[in-house]
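Q: Please walk me through this one slowly. I'd like to learn how to read it feature by feature.

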Amino acid sequence: MPMPKIKLSPSMMCADFLHLQGELDLFTEFGIDWLHIDVMDGHYVPNFTLGVDICQSFVKGCKIPLDIHLMVERPDLHVDPFLKLPGTRRISFHPETVRQPVRLISYIREQGGEPGICIDPSHPIEMWRHLLPLVDQVMVMTVNPGYAGQKLIPFCVDKLTEYRTYRDTHGLRYDIEVDGNVSWENIPPMVTAGAEILVAGTSSIFCKKGTPRGESLQRMQALLAGLK
């Protein structure tokens with residue numbers, strides 16, 4: 001079976017907001033698949049990041065679909081404004097943050113979104129196995145949620161294989177995304193383990209100040225081409 005195309009979802013909290021349109025134009029030029037939007041509320045994680053207003057700017061600035069990652073308490077209370085954004089978007093949440101995750105998954109799908117769940121490093125596959133037939137994406141966190149620039153938690157890479165094996169064994173269809181220290185060095189073992197969507201942040205395409213973004217994207221394309 002041929003290896004599926006590895007997709008990129010740049011972490012937009014790492015973007016250069018003084019030159020945002022230039023970033024979006026470059027991502028469009030390079031055929032970037034998703035824009036990864038980390039939404040943090042200061043409660044589930046201790047910091048605040050992107051919200052609906054900046055997402056509206058992304059939608060106006062390019063046609064790349066949004067890959068929204070809700071790191072918030074009670075995502076069921078916050079999901080509607082993101083669902084109302086125009087265009088295709090994927091909305092993933094941490095299932096432990098909501099009392100009725102099945103209801104929220106169904107609601108996202110009913111509203112035209114693509115539901116996903118995010119797996120905290122401390123949570124084994126058994127904890128959320130019952131939700132896997134219901135979602136379009138499983139986002140495996142390989143760092144603790146909340147901050148860019150953290151070190152990889154090595155055992156989390158094995159989870160990528162667990163989710164791929166479970167999906168293939170049971171004939172499910174979710175995509176497997178990896179988020180956390182997706183570095184030049186870690187990408188090959190992550191892809192080998194089962195990652196299909198890479199959330200690229202400060203460990204790769206946004207990593208060095210002064211390095212033109214185009215050079216980093218070219219390096220990423222060359223790396224992924226060599227993994228096929």
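A: Let's start with a pair of strands: β7 and β8 run parallel and pair over three bridges. Strands pair if DSSP finds at least two bridges between them. The elements themselves are DSSP runs numbered from the N terminus, with H or I and at least four residues for a helix, E and at least two for a strand. Here, Val178 of β7 has Leu198 in β8 as its bridge partner.

Q: And what sort of model am I looking at?

A: A predicted one, where local features need pLDDT of at least 70 and side-chain atom pairs count only at pLDDT 80 or more, while totals for chains, interfaces and linings use all residues. Residues are numbered from 1 along each chain as its sequence is written, and side-chain values use heavy atoms, leaving out hydrogens and water.

Q: In what order do the strands of the sheet come?

A: To read a sheet, follow who pairs with whom. This open sheet has eight strands, in the order β1-β8-β7-β6-β5-β4-β3-β2, and the pairing is parallel. At the edges sit β1 (7–8) and β2 (35–40), each pairing on one side only. At the β1 end, two bridges link it in parallel to β8 (residues 197–199), and Leu8 stands opposite Leu198 in β8.

Q: Which bridges join β6 to its partners?

A: On one side, β5 (residues 114–119) is joined to β6 by four bridges, running parallel. One example is Ile117, whose bridge partner in β6 is Val138. On the other side, five bridges join β6 to β7 (residues 175–179), again parallel. There, Val138 faces Ile176 in β7, and Met139 has Glu177 as its bridge partner.

Q: How many residues of β6 are buried?

A: Buried means under 20% relative accessible area, exposed over 50%, and partly exposed in between (1.4 Å probe, protein chains only). In β6 (residues 137–141), five of the five residues are buried, so the strand is largely enclosed by the rest of the structure. It helps to remember that side chains in a regular strand alternate between the two faces of the sheet. For β6 both faces are covered, with Gln137, Met139 and Met141 buried on one side and Val138 and Val140 on the other. As for β7, four of its five residues are buried, which leaves it mostly covered.

Q: Is Asp67 buried or exposed, and why?

A: Asp67 counts as buried because its relative accessibility is 1%. It belongs to strand β3 (residues 66–71). For contacts, look for heavy atoms within 4.5 Å. Setting aside neighbours within four places in sequence, Asp67 touches eight residues, including Ser9, Trp34, His36, Arg90, Gln137 and Glu177. Its C-alpha atom is also 9.3 Å from that of Glu114, although the two are 47 residues apart along the chain.

Q: What is Ser92 in contact with?

A: With the same neighbours set aside, the list runs Ile68, His69, Leu70, Gly116, Ile117, Cys118, Gln137 and Met139. Ser92 is found in β4 (residues 89–93), and at a relative accessible area of 0% it is buried.

Q: At what angle do helices α1 and α8 pack?

A: Axes are lines fitted to C-alpha atoms, for helices over the stretch in contact, and angles run from 0 to 180 degrees between N-to-C directions. Under 35 degrees counts as roughly parallel, over 145 as roughly antiparallel, 65 to 115 as roughly perpendicular, and the rest as oblique. α1 (residues 20–29) and α8 (residues 213–226) pack at about 25°, with axes 11 Å apart. They are therefore roughly parallel to each other. Glu23, Leu26 and Phe27 in α1 meet Arg213, Gly214 and Leu217 in α8.

Q: What about Ser216, buried or exposed?

A: Ser216 sits in α8 and, at 5% relative accessibility, counts as buried. Beyond its neighbours within four places in sequence, it is in contact with Trp184, Ser204, Ile205 and Thr211.

Q: How do α1 and α2 cross?

A: α2 (residues 52–61) comes within 10 Å of α1, axis to axis, and the two cross at roughly 50°. That makes α1 and α2 oblique to each other. Leu20, Gln21, Leu24 and Asp25 in α1 meet Ile54, Ser57, Phe58 and Gly61 in α2.
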